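Biologist: Please give me a close look at one sheet and whatever is attached to it. I'm in my first year, and plain words with every cut-off spelled out would help a lot.

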Amino acid sequence: MFIIPNFYAVFTGHDLTTRCKNLSPCTINQLNQLRRGGANVKTSYSLYLLFTLAFFVSGCATAEKFQKNMETWVNQPESKLLSQYGPPHRVYESGGVKYLTYANSRTAVIPGTNPSYQSTVIGNTIYTDSYGGTPSVPVNLSCTITFEIVNGYINRVTWRGNNCVAE
């Protein structure tokens with residue numbers, strides 16, 4: 001009886017095994033094929049994560065560009081802000097200072113990966129197991145910008161959120 005590491009064990013590092021029982025003989029060749037297949041699943045997943053990360057990091061929109069864009073608003077008239085961005089989502093006034101707040105939020109979905117399947121024949125029955133794969137992951141993206149207005153001019157700009165980026 002040979003113990004064959006399954007794709008899930010190779011993929012996740014968990015110590016799970018599939019035993020060859022009453023099947024056609026498990027050869028060293030088959031063991032090597034399973035190992036190579038598992039390594040390919042792991043490599044494919046690693047490459048998927050690498051390309052997804054590279055996509056988000058290397059996009060044209062950056063926080064630095066956003067900051068430079070926001071800094072250009074300081075000392076601009078409130079009327080120019082309203083004509084470009086429209087009415088704000090919230091307005092607050094305190095001590096002669098007006099605060100105009102614009103908010104933006106959305107949800108992006110990082111797609112998952114499909115599992116690998118392995119079928120085993122025992123007698124007249126075929127058993128199929130799935131290994132690996134990842135679910136889709138929703139990511140909430142938001143940016144809230146507040147303009148501080150003093151005497152009709154923008155005095156300061158602040159922002160917060162994980163999607164305050166500009167091209």
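Modeller: Here is a walk through the sheet, with a short look at the rest of the chain first and last.

Keep in mind that this is a predicted model, where local features need pLDDT of at least 70, side-chain atom pairs count only at pLDDT 80 or more, and totals for chains, interfaces and linings use all residues. Residues are numbered from 1 along each chain as its sequence is written, and side-chain values use heavy atoms, with hydrogens and water left out.

The protein chain has 4 helices and 8 strands; these are DSSP runs numbered from the N terminus, with at least four residues (H or I) for a helix and at least two (E) for a strand. Reading along the sequence, you get the pattern β-α-β-α-α-α-β-β-β-β-β-β.

Now for the sheet itself. This open sheet has 4 strands in the order S3-S4-S7-S8, and their pairing is antiparallel. Strands count as paired if DSSP finds at least two bridges between them. Strand S3 (90-94) and S8 are the edges, since each of them pairs on one side only. From one strand to the next, the twist averages 20 degrees. Look at S4 and S7: they run antiparallel and are joined by 14 bridges. One place to find that pairing is Ala108, which sits opposite Val139 in S7. If you're tracing side chains, remember that in a regular strand they alternate between the two faces of the sheet.

A helix goes with this sheet too. H4 lies across S4, S7 and S8, and runs at about 25 degrees to S4. For that angle, axes are lines fitted to C-alpha atoms, over the stretch in contact for helices, and angles go from 0 to 180 degrees between N-to-C directions. Contact here means heavy atoms within 4.5 Å.

Next, follow the aromatic rings. Rings of Phe, Tyr and Trp (its six-membered ring) pair if their centres lie within 6.5 Å; planes under 30 degrees apart are called stacked, over 60 edge-to-face, and the rest tilted. That rule gives 7 aromatic pairs. Take Phe66 and Trp159: their ring centres are 5.3 Å apart and their planes are at 80 degrees, so this pair is edge-to-face. Phe66 belongs to helix H3 (residues 63-71) and Trp159 to strand S8, which makes this a link between distant parts of the chain, 93 residues apart. Phe66 is buried at 5% relative accessible area, while Trp159 is partly exposed at 32%; buried means under 20%, exposed over 50%, and partly exposed in between (1.4 Å probe, protein chains only).

Another pair is Tyr85 with Tyr102: the centres are 5.4 Å apart and the planes at 45 degrees, so this one is tilted. Tyr85 is in helix H4 (residues 78-85) and Tyr102 in strand S4 (residues 97-110), so the pair ties together parts 17 residues apart in sequence. Tyr85 is partly exposed, with 33% relative accessibility, whereas Tyr102 is buried at 7%. Both tyrosines belong to a cluster in which ring pairs link Trp73, Tyr85, Tyr102 and Phe147.

Then there's the sulfur link. The structure holds 1 disulfide, meaning a pair of cysteine sulfur atoms within 2.5 Å. Here Cys143 is joined to Cys164, with 2.1 Å from S to S. Cys143 is in strand S7 (residues 137-150) and Cys164 in the segment after strand S8 (153-160), 21 residues apart. The link of Cys143 and Cys164 is right-handed, with 110 degrees about the S-S bond. Cys143 is buried at 7% relative accessibility, and Cys164 is buried too, at 6%.

Finally, step back to the whole chain. Buried residues are 23% of its 167 residues. Among the chain's contacts with a separation of 6 or more, 56% come from residues 24 or more positions apart.
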